[in-house]
Amino acid sequence: LYLPSTASTSLKVNKPVKLFEKPSLSKPVYEYGTTLDDIEIEGGKTNVPGQFTFKDTDQTLDLGNNTCEILFVPDDTSYDPIDFGESLSINIVPATPVLDEVKVEETEDGKFQGRFLE
């Protein structure tokens, strides 16, 4: 036996998010040891407010050219992050060593050795 009943609910339909302009990197080259969290993504234009972020922030960046996928995260939390299938190319160069003061001394056998001064 079925009894008549009524119910109501509301449904929010988000407008589709469109990518109008691909974002870019804040600078063209980064030193080895830089993480994706250290790299700023600039620009990019969509029809809803939000920001671009890297898809895999744990990705290891090797020397040379790295291709890193990006996502768009709308400010409106009713949207899920959106993967437009875009990526950014990140060039990693060797880091410039930073040396503190080093004292170099000649050993008894005529060789030289150095040590950092504290």
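Two strands pair if DSSP finds at least two bridges between them. In this predicted model, four strands form an open sheet. Their order is β2-β6-β5-β4, and the pairing is mixed. Strands β2 (29–31) and β4 (50–54) sit at the edges, and each pairs on one side only. From one strand to the next, the twist averages 40°. Strands of a sheet pair through backbone hydrogen bonds, either parallel or antiparallel.

Strand β5 covers residues 64–74, and strand β6 covers residues 87–93. The two run antiparallel and are joined by six bridges. Two residue pairs illustrate this contact. Threonine 67 has serine 89 of β6 as its bridge partner. Glutamate 69 is matched with serine 87, again in β6. Strand β5 also pairs with β4. That pairing is antiparallel too, and five bridges hold the count. Here glycine 50 stands opposite proline 74 of β5. In a regular strand the side chains alternate between the two faces of the sheet.

Asparagine 66 is another residue of strand β5. Its relative accessible area is 7%, so asparagine 66 is buried, the cut-off being under 20%. The side chain of asparagine 66 reaches the backbone oxygen of aspartate 62 at a distance of 2.7 Å.

Threonine 34 lies outside the strands, in the loop between β2 and β3 (41–46). Threonine 34 counts as buried because its relative accessibility is 17%, and the limit for that class is under 20%. A polar atom of the threonine 34 side chain lies 2.6 Å from the backbone oxygen of glutamate 31. Thus both asparagine 66 and threonine 34 direct a side chain to a backbone oxygen.

Two further residues fall in the exposed class, for which the cut-off is over 50%. Proline 16 belongs to the segment before β1 (19–25). Proline 16 counts as exposed because its relative accessibility is 59%. Along the chain, proline 16 and tyrosine 79 are 63 residues apart. Their C-alpha atoms are separated by 9.7 Å. Phenylalanine 112 is located in strand β8 (residues 112–116). With a relative accessible area of 60%, phenylalanine 112 is exposed. Phenylalanine 112 and threonine 35 are 77 residues apart along the chain. The C-alpha atoms of this pair are separated by 37 Å.

The interior was also searched for enclosed space. The count comes to one cavity of 30 Å³ or more. The largest cavity holds about 40 Å³ of space. Its lining consists of Leu19, Phe52, Ile70, Leu71, Phe84, Gly85 and Glu86. By class, five of the lining residues are nonpolar, one is polar and one is charged. Glycine is placed among the polar residues and glutamate among the charged ones, so Gly85 and Glu86 supply the polar and the charged member of the lining.

Notes: Residues are numbered from 1 along each chain as its sequence is written. This is a predicted model: local features need pLDDT of at least 70, side-chain atom pairs count only at pLDDT 80 or more; totals for chains, interfaces and linings use all residues. Side-chain values use heavy atoms; hydrogens and water are left out. Axes are lines fitted to C-alpha atoms, for helices over the stretch in contact, and angles run from 0 to 180 degrees between N-to-C directions. On a 1 Å grid over the protein atoms alone, a cavity is a set of points where a 1.4 Å probe fits but cannot get out, and a pocket is an open set with protein on both sides within 12 Å along at least five of seven lines; lining residues have an atom within 4 Å of a point. Grid points are joined across faces, edges and corners, and a volume is the space filled by probe spheres set on the points. Buried means under 20% relative accessible area, exposed over 50%, partly exposed in between (1.4 Å probe, protein chains only). A polar contact is a pair of N or O atoms within 3.5 Å; within protein, one must be able to donate a hydrogen and the other to accept it, and residues adjacent in sequence count only if both atoms are side-chain atoms.
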